[in-house]
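Take a moment to look over the chain before reading on. We will go from the whole to its parts, and then to the empty spaces.

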Amino acid sequence: MKCTWNKKTAAFLTAGCMALGLLAGCGAAPAPSSAPAPVSEPGSEPGSEPAQPVWGKPEPTPEPTPDPEEAWAQAGVQFMDWLAAQPGFEGFDAQVQEGFPYLVCVNRASSCTTVYTADEAGRYTRPYAAFVCSGGPDTPTGVFNTPVNYPWRLLSGPCYGQYATRINGPYLFHSVPYYTQHKDDLEYDEFNKLGTQASLGCIRLAIADVRWIYENCPIGTPVVIYDDAQNPGPLGLPGTLQIDPKNETLRGWDPTDPDPANPWGAEYLDGTAIRTAAAKADWVAFRASDAFTQNLTPTDLQGWSHDSAIEGTRG
């Protein structure tokens, strides 16, 4: 009996201890966890230099904002030097001509017209403004001086252009063509081609831009027409406006025409020109003056616009 009791007791005690051990290992609540260790920054691996904590990194010194006016001025000098080395323009010195404050340069290949004014050395290297335009394969290249201008001009087609300034021979600066000599009869499909090769040789511009040339560049102003498909000019290529051919109320008008009868909003009158600080100041003063709506071509309206799907283009 004594031996049997001892075996049973030992077995019972052994089983009880095992059960208590299982309960202690599986049923106990986990101890509260500690705060997670911070994630190592790059460079904190063994053997590397200790990294600064994220909150201890110094703020980077911001790069100074470049002055666009200075960059444009430098690009203007570089352009004139480049131009003088091109075939057909050898020796072009860009010296300011007395009585002519501006040089008008047309990049035929890029459909961009850039106006330059005098620098401190008396050369036309200072970019003033850039206008989007349209020339064509027959547009001549070279150096010219404007001989005459016209408020309206009969063009090939026949069609008509506002604020025309002759460049050389039959080639002019003028507005996008009109079917008739009425401000509300614009060839709107042709307006939507500004910025592309689209003309028979003349240089087309929006009214805001071609009127600026008409009023600010006296007869005799030097004009350069050249090709550079890679670089439109120091100021870049301005954007374009688009006319909805289905909008019969607006489509017959150039959006930038300052005529008070123009149904387009005043927000379009600036056009898309890229202007330097000097040009912006001059333009703002001009828009605020009575001169902005003076000396306009007569408000002779047709009351409707030709449908280009029927009429087609004339020039």
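A residue counts as buried when its relative accessible area is under 20%. Keep that cut-off in mind, for burial comes up again and again below. Keep in mind, too, that this is a predicted model.

Start with the whole chain. It has 315 residues, and 42% of them are buried. Its secondary structure comes to six helices and 10 strands. The accessible surface is about 17,100 Å². Carbon and sulfur atoms account for 58% of that surface. Now consider contacts between residues at least 6 apart in sequence. Of these, 68% join residues at least 24 apart.

Next, find the sheet. Six strands build an open sheet, in the order β4-β9-β1-β2-β3-β10. The pairing in this sheet is mixed. Which strands stand at its edges? They are β4 and β10, the latter made of residues 274-275. Each has a single partner strand, so one side of each is left without a neighbour in the sheet.

Now follow strand β9, residues 222-226. Five of its five residues are buried, so the strand is largely enclosed by the rest of the structure. In a regular strand, side chains alternate between the two faces of the sheet. Look for two groups in β9. Pro222, Val224 and Tyr226 point one way. Val223 and Ile225 point the other way. All of these residues are buried.

Which way do the neighbours of β9 run, parallel or antiparallel? Strand β1, residues 103-107, runs parallel to β9, and four bridges join the two. Strand β4, residues 142-145, runs antiparallel to β9, again with four bridges. Specific residues show how the strands line up. Cys105 stands opposite Val224 in β9. From β4, Val143 has Val224 as its bridge partner. Phe144 is paired in the same manner with Val223 of β9.

Turn to a helix, α4, which spans residues 207-216. How many of its residues are buried? Eight of the 10 are, so to speak, under cover: the helix is mostly covered. The buried ones are Ile207, Ala208, Asp209, Val210, Arg211, Trp212, Ile213 and Tyr214. Watch for α4 again in what follows.

Now for the empty spaces. Rolling a probe the size of a water molecule over the atoms shows where empty space is left. The structure holds two cavities of 30 Å³ or more. The largest has a volume of about 60 Å³. Which helices supply at least two residues each to its lining? They are α4 and α5, the latter covering residues 277-288. The largest share, five residues, comes from α4. Among the lining residues are Ala208, Arg211, Trp212, Glu215 and Asn216. Others in this lining include Thr256, Pro258, Trp283 and Phe286. By class, the lining has seven nonpolar, two polar and two charged residues.

The second largest cavity has a volume of about 50 Å³. Its lining includes Val132, Phe191, Leu194, Ala206 and Asp209. Thr256 is part of this lining, and it also lines the largest cavity. Here the classes divide into five nonpolar, four polar and one charged.

Pockets come next. The largest pocket holds about 200 Å³ of space. It is lined by 16 residues, and the closest to its centre are Leu155, Ser156, His174, Leu200 and Cys202. Two elements give two or more residues to this lining: β5, residues 149-155, and β7, residues 171-175. By class, there are nine nonpolar, five polar and two charged residues.

The second largest pocket has a volume of about 170 Å³. Of its 14 lining residues, Trp212, Asn216, Asp282, Trp283 and Phe286 are the closest to the centre. Strand β3, residues 124-132, joins α4 and α5 in giving two or more residues to the lining. Which element gives the most? It is α4, with five residues. The lining divides into nine nonpolar, one polar and four charged residues.

Finally, look back at Trp212. It is a buried residue of α4. It lines the largest cavity, and it is among the residues closest to the centre of the second largest pocket.

Notes
Residues are numbered from 1 along each chain as its sequence is written. This is a predicted model: local features need pLDDT of at least 70, side-chain atom pairs count only at pLDDT 80 or more; totals for chains, interfaces and linings use all residues. Side-chain values use heavy atoms; hydrogens and water are left out. Buried means under 20% relative accessible area, exposed over 50%, partly exposed in between (1.4 Å probe, protein chains only). Two strands pair if DSSP finds at least two bridges between them. On a 1 Å grid over the protein atoms alone, a cavity is a set of points where a 1.4 Å probe fits but cannot get out, and a pocket is an open set with protein on both sides within 12 Å along at least five of seven lines; lining residues have an atom within 4 Å of a point. Grid points are joined across faces, edges and corners, and a volume is the space filled by probe spheres set on the points. Ala, Val, Leu, Ile, Met, Phe, Trp, Tyr, Cys and Pro count as nonpolar, Asp, Glu, Lys and Arg as charged, and the others, Gly among them, as polar. Contact means heavy atoms within 4.5 Å. Accessible areas come from the Shrake-Rupley method with a 1.4 Å probe; for residues, only the protein chains shown count as cover.
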